[in-house]
Amino acid sequence: MNTVIVFKHIVKEFYQKKKKVVALNDVSLEVQKGDIYGIIGYSGAGKSTLIRMVNGLENPTSGQIIVDGKDIQTLSTNEKILNKKKISMIFQHFNLLESKNVFDNVALPLKLRNESKEAIDRKVKEMLSFVGLEDKDKNYPNQLSGGQKQRVGIARALVTNPEILLCDEATSALDPKTTKSILKLLKRINEQFNITILLITHEMEVIRDLCNKVAVMENGQLSESGNVIQVFGQPKEQTTKDFVETVIPNNIPKDLLDFYQKNQQSYTLLRLKFLGENTASSLLYQLNKRFNHVESNIVFASVTELEGTTLGIFTIAFSANESIIQEIKAFIKEFNVIVEDVKI
Amino acid sequence: MNRISPDLIWQAMTETVYMVSVSLFIGTLLGLPLALFLVLTRPNGIKENKIVYFILNSIINIIRSLPFIILLVAIVPFTRLIVGKTYGTEAAIVPLIIYIAPFIARLVETSLLEVNPGIIELAKSFGAKPLQIVRHFLIPEALASIILTLTTATIGLIGATAMAGTVGGGGIGNLAISHGYQRFNTFVIILTVVILIIIVQLIQTLGSYLAKKIRHQ
């Protein structure tokens, strides 16, 4: 696997009313070819500044950005333009030209490259049919829905055969159903054209449904990064936990919580996290068989699909003394399942 | 009631149309590039240049602070230099241009600044050069607004031509003063008012129609 984008110790400072603001504070990150890398964070975390450095819309105060093995800040003006040509971007508010119809919007980047009329015609039609808008070519942006506008944005981004696609909150202005269809389209782009995608979002659904890697950003720093499964399964920082909880609910329903709080002496709550459905059913079966004298109740369970496999989180209440609980924990660990205490 | 010959009215109308169209045309030729320079060189603009921006901005502000009637007489030597005379329709056109070009520049500047900043960012993400940004992004996106701006400028020009009589420029405004006001002829005054209202209405309707058409609404 080769690395296509590297951020090395990126710092970005700017002055607002004579006060120094540090937007990015020593950010390092690597994106491999074919990745769908998601950077998640609340607004103001600095993710928007970071993604804009890849295509030179922003420059760092210090640090390096290496795209395809080249430090983009050392490039000449012409090389910078060449670099931009293999990177496309889609935007939260689509940024379509209201004065041009769908066809001309998609054709725009090719026109800037002085491509022939025939080539433009062929490529634009091909891209419009790829995004499912072949019959809308004569329409103007104000006649399209949000989802259709983003499809035009995607067609315009793809028409130049980029190697990298930057997505700036591409689904944040869309309703949940449209978001899903756009995410599917992005996944198809990644698979079909082998385009590396770097995206920023504040929606964990986007990370869950689309990405294979994730970085969590907070106050201009990356607090956590890695494979989506790993970060979802074992979130370390509080912000990450908060984000994960928005898509994988982890709260025990109130009635149950009250009950177990009242009976703290007799029950111990354990949280089990595992990958793959088979592990789950087999473990629960073995657990009941081995500790058949222990009362066990499933208090809470969720199963989430990530990168084609499942992440299961079960909270189980065991009625047993401390030594038995330790035995149970050891037994669960033999199945390569993460087990942790739940404080109530 | 004192009648007025239709020929005189026709001549006044031709003079107004002549003055307005020539000064609008040349004023736009000067005003549009001025507006583009202002937008490009302004702080945080695509080609930021503090000195150029400061100079252009000051010149426009100075000219814009003069009432037209003052400008008209103040630049008489300059007018003579350009058209070789200080009296007549051509002599009125020179100050009209000087008056309207900065006005157009200021209004078009506003139109250009109204273009969604996301569009400029998009252009930069394509690696577009400044001229390409102007040609393929800024102007097409601002065109409807620029048309409305030029409509406003045209109407402003018609107002200014009323004072052109001071230097013998003629026109409808002059007719109202010389044949109406100074000869106590109410009919001529009412007639010129009606003509002016009709002309302004026509121009505004045309401008709004074109802008709407460009906006595809």
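I will go through the domains of chain A and then the nonpolar cores. Note that this is a predicted model.

Start with chain A. The domain assignment splits chain A into domain 1, residues 3-246, and domain 2, residues 254-341. Their C-alpha centres are 40 Å apart. As for the contact between them, seven residues of domain 1 of chain A meet eight residues of domain 2 of chain A. On the domain 1 side, the largest share comes from helix H8 of chain A, residues 228-233, which supplies four residues. By type, that side of domain 1 of chain A has three nonpolar residues, three polar and one charged.

Now the cores. The largest nonpolar core has 143 residues. The members that touch the most other members are Val54(A), Val106(A), Ala155(A), Leu198(A) and Ile100(B). Which helix gives the most to this core? That is helix H5 of chain B, residues 89-113, with 16 residues. Both domain 1 (3-246) and domain 2 (254-341) of chain A also give residues to this core, so the core lies between them.

Take Val106(A) as an example. Leaving out residues up to four places away in sequence, Val106(A) touches Val124(A), Met127(A), Leu128(A), Val152(A), Ala155(A), Arg156(A) and Val159(A). One of these, Ala155(A), is itself among the core members that touch the most others.

There is also a second core, separate from that one, with five residues. Its members include Ala12(B), Ile172(B), Leu175(B) and Ala176(B).

That is what I have on the domains and the cores.

Key: Residues are numbered from 1 along each chain as its sequence is written. Chains are lettered from A and ligands numbered from 1 in the order in which they are written. This is a predicted model: local features need pLDDT of at least 70, side-chain atom pairs count only at pLDDT 80 or more; totals for chains, interfaces and linings use all residues. A nonpolar core is a set of buried Ala, Val, Leu, Ile, Met, Phe, Trp, Tyr and Cys residues joined through C-beta atoms within 7 Å. A residue is buried if 20 or more other C-beta atoms lie within 10 Å of its own, exposed if 12 or fewer, and partly exposed in between; C-beta atoms are placed from the backbone. Helices (H or I, at least four residues) and strands (E, at least two) are DSSP runs, numbered from the N terminus. Domain bounds come from an automatic or database domain assignment. Two residues are in contact if their C-beta atoms, placed from the backbone, lie within 7 Å. Ala, Val, Leu, Ile, Met, Phe, Trp, Tyr, Cys and Pro count as nonpolar, Asp, Glu, Lys and Arg as charged, and the others, Gly among them, as polar.
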